[in-house]
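Please read the following briefing alongside the sequence and the structure, which are shown next. The points are grouped by topic, with charged pairs taken up before the other topics.

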Amino acid sequence: EAGLLLHPLLPLDKTDTAPQRLRQIIRGALEKPLETGKNNESMQALRSIVLSLACRTFDGSASETIHWADGFPLNLRIYQMLLEACFDVNDETSVIEEVDEVLELIKKTWVVLGMNQMLHNLCFLWILFNRYVATGEVEGDLLFAANNLLMEVEKDSKSMKDPNYSKILSSTLSAILGWAEKRLLAYHNYFHSDNTELLECVVSVGVLSAKIMVEDISHEYRKKRKEFDVAHERVDTYIRSSLRTAFIMEKVKSSKRSSNKNQQNQLPFLSILAQDVSTLAFSEKAIFSPILKRWHPLSAGVAVATLHSCYGNELKQFVSSIGELTPDILQVLRAAEKLEKDLVQIAVENSVDSEDGGKSIIWEMPPYEAESVVSNLVKSWIKTRLDRLKEWVDRNLQQEVWDPRANKERFAPSSVEVLRIVDEALEAFFLLPISIHAALLPDLTNGIDRCLQHYISKAKSGCGARSTFVPSMPALTRCSSRSKVSGVFKKKEKFQKAQSRKSQVGTTNGNGSFGIPQLYCRINTLQHIRTELDVLAKRTIVHLRSSESHNNNIANGTGKAFELSAAACLEGIQQLCEATAYKVIFQDLSHVLWDGLYVGEVSSSRIEPFLQELEHYLEVLSLTVHDRVRTRVITEVMKASFDGFLLVLLAGGPARAFSLQDYETIAEDFKFLTDLFWSNGDGLPADLIQKFSTTVKAILPLFH
């Protein structure tokens, strides 16, 4: 059986039935002893089968030599059995004390069995390795001894070119390499901090086996692979494969932890995984990289690059499924950012002494760009908030009636609501757990600025301006020196024209939201917004200083926050003050000014009725308008009344005629008008009244 079936000189032919028949006879003989008579039928069958197998030749020709229990394969097997005698029969993992003497005896069989030192090294390597594996891999010394012999085999393989040797070498090393790579391609499952010496030995066995097998290939092929570093390539493969396997294991553990409902302060799965991967990376650097560095100088760098890629694939899937910004998403992205910093730091430290400074490893680690993802998500969040604010502004404006009695401050309730939403948006923004508040704040403040501008624009739109209320000028009467103008200005005609004439005042929207009280409310509202904008800007600076993105120049960056809205408020207040003043003088009081003052006889239509009604308006104004803008509104009313007075004098139309005797009356009336605004020192400052009355005072002497 050993010579013809298990270790034949010639390999068995799979189509030949003789080997199978011989196995059946041997099996039968074990159960029932064979009849050994010379002419016995079973012996004849055995003799026939054995001869057919033993007489085979390599070229198929007839041979007188019978190889039934000889040849190199059987000799090799016999020699291996002899080497087994080096082990203690009572302790399978121990070598006998007399091992050296036994080996010397065994070596005397070399001449008989056709062995030599190189074949001895290869056989003894297999015996040691096989004994280590067969006894449960508990005696590391056997593997260390095998590794030492493998180094000798490496030297032998370079000079030994015998085809039989090459065949045995290839089959032996293939088996050893298969065993080693099973462990090395997932070395995290087999090795830990307590057995790193064993890892080093297994790597050495695996790398040497692979190296010898590559070098044993034909001479021509070796030339092509001259520059190929087997050790570097194999260890690179082991690191990447094992780290990918370890990552999958970490992924399973992290998933279980994230689904543990009993755990407090539950973190999202990818946040936990980032922490675990970071721990794995530092563990790799501390335990395995120092050993693997012997064969691969950038072992730690390759490890972290692999982990970076594995986590990056998970993160990419996660980011592609994100719809909106949530605290969990921010936690994951921050965890990813921290992990990436840890991995890059390890890679850089590992690459300090490398030829390219670690560029090749860093190129393998394209940035996660977590900050960019956060930035885009926050921008999307800002856009959603601003869209909501715009909707609220429009909705509140539609419902706003601008009633000054709506609250004691006498401004529009809609402004309170809009400013509340703005404040909430800013508060929510600074509560986002991000480190880029300063960079993204302008996006939010500029958007709020636009929304508030829209509100301010709506608050002042439709309220008119100076030109809306000032009456159009009457047509000029052109007369030559020869014209006969007697009878043109007859008293009767004047009274008829006064009675028949309608006010030439421009009209505005008849809606109740544009009355004088409503205009006062609009002015107060813009003043309120202007004041609150200052408060918001200061509060924003305080938030920024306490945020993670704190820096010393933040005050400069936010000094311009809401500046367009603030400017729009000033402009709106000015426009509304002017519109209110001219509406009061030329529309509400037109019956006692434009349509009444000095119509007919000057002495019988003086300024007193106008002053009485104007005084009432000023009292209401003082009670309604915010004290910060009250003086401005009263000043505009004064300017409008002076303009009205001038228009009556200079463009009063055919209903009015003045004589030299009217000068004193007119001058006195104008003094009454200025005194109303001075109000014995309690009204407007005298220099302000003087400033705006200059034109009228310059024209009055013309009537003298």
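Arg 183 counts as buried in this predicted model, because its relative accessibility is 10%, and the residue sits in helix α9, which spans residues 163-184. Its side chain meets that of Glu 137 in a salt bridge with an N to O distance of 2.8 Å, and the two residues, 46 positions apart, link distant parts of the chain. The bullets below continue with this pair and then move on to other topics.

**Salt bridges**

- Glu 137, the acidic partner of Arg 183, is placed in the loop between α7 and α8 (140-159), and with a relative accessible area of 28% Glu 137 is partly exposed.
- The count of salt bridges in the model comes to 26, and the pairs described here are among them.
- A salt bridge of 2.6 Å, N to O, joins the side chains of Glu 84 and Arg 131; because Glu 84 belongs to the loop between α4 and α5 while Arg 131 belongs to helix α7 (residues 117-134), this pair ties together parts that are 47 residues apart in sequence.
- Within that pair, Glu 84 is partly exposed at 26% relative accessibility, whereas Arg 131, at 17%, counts as buried.
- Lys 639 and Glu 636 also meet through their side chains in a salt bridge, with 3.4 Å from N to O, and because they are three residues apart in helix α28 (residues 627-651), about one helical turn separates them.
- Of these two helix residues, Lys 639 counts as partly exposed, its relative accessibility being 24%, while Glu 636 counts as buried at 5%.
- A network of salt bridges links three residues, namely Glu 181, Glu 233 and Arg 234.

**Negative surface patch**

- Glu 97, Glu 98, Asp 100, Glu 101 and Glu 104 form a negative patch on the surface.
- One of these residues, Glu 97, is located in the loop between α4 (72-83) and α5 (99-107), and its relative accessible area of 78% makes Glu 97 exposed.

**Cysteines**

- How many disulfides does a search of the whole structure find? The search returns zero.
- Cys 123 is accordingly in no disulfide, and the nearest cysteine sulfur, which belongs to Cys 86, is 12 Å away; with a relative accessibility of 3%, Cys 123 counts as buried.
- Why does Cys 451 not form a bond with the closest cysteine? The closest cysteine sulfur, in Cys 569, is 14 Å from the sulfur of Cys 451, and this is too far for a bond.
- Cys 451 likewise counts as buried, with 7% relative accessibility.

**Contacts between residues far apart in sequence**

- Tyr 311 is part of helix α16 (residues 299-320), and at 0% relative accessibility Tyr 311 counts as buried.
- From C-alpha to C-alpha, Tyr 311 and Val 277 are 8.1 Å apart in space, although 34 residues apart in sequence.
- Thr 237 belongs to helix α13 (residues 230-258) and is partly exposed, having a relative accessible area of 28%.
- The C-alpha atom of Thr 237 is separated by 9.6 Å from that of Val 302, a residue 65 positions away along the chain.

**Backbone angles in loops**

- Glu 369 has a positive phi of about 55° although this residue is not a glycine; Glu 369 is found in the loop between α18 (359-363) and α19 (370-399).
- Is Glu 369 buried or exposed? With a relative accessible area of 51%, Glu 369 is exposed, the cut-off for this class being over 50%.
- Asn 680, a residue other than glycine, also has a positive phi, with a value near 55°, and its place is in the loop between α29 (663-678) and α30 (686-699).
- Asn 680 is exposed, as its relative accessible area of 68% shows.

Methods: Residues are numbered from 1 along each chain as its sequence is written. This is a predicted model: local features need pLDDT of at least 70, side-chain atom pairs count only at pLDDT 80 or more; totals for chains, interfaces and linings use all residues. Side-chain values use heavy atoms; hydrogens and water are left out. Patches are made of residues with over 30% relative accessible area and no salt bridge: like charges are joined within 9 Å, nonpolar side chains (Val, Leu, Ile, Met, Phe, Trp, Tyr) within 5 Å. Accessible areas come from the Shrake-Rupley method with a 1.4 Å probe; for residues, only the protein chains shown count as cover. A salt bridge is a side-chain nitrogen of Lys or Arg within 4 Å of a carboxyl oxygen of Asp or Glu. Lys and Arg count as positive and Asp and Glu as negative; His and the chain ends are not counted. The place of a charge is taken as NZ of Lys, CZ of Arg, CG of Asp or CD of Glu. Helices (H or I, at least four residues) and strands (E, at least two) are DSSP runs, numbered from the N terminus. Buried means under 20% relative accessible area, exposed over 50%, partly exposed in between (1.4 Å probe, protein chains only). A disulfide is a pair of cysteine sulfur atoms within 2.5 Å.
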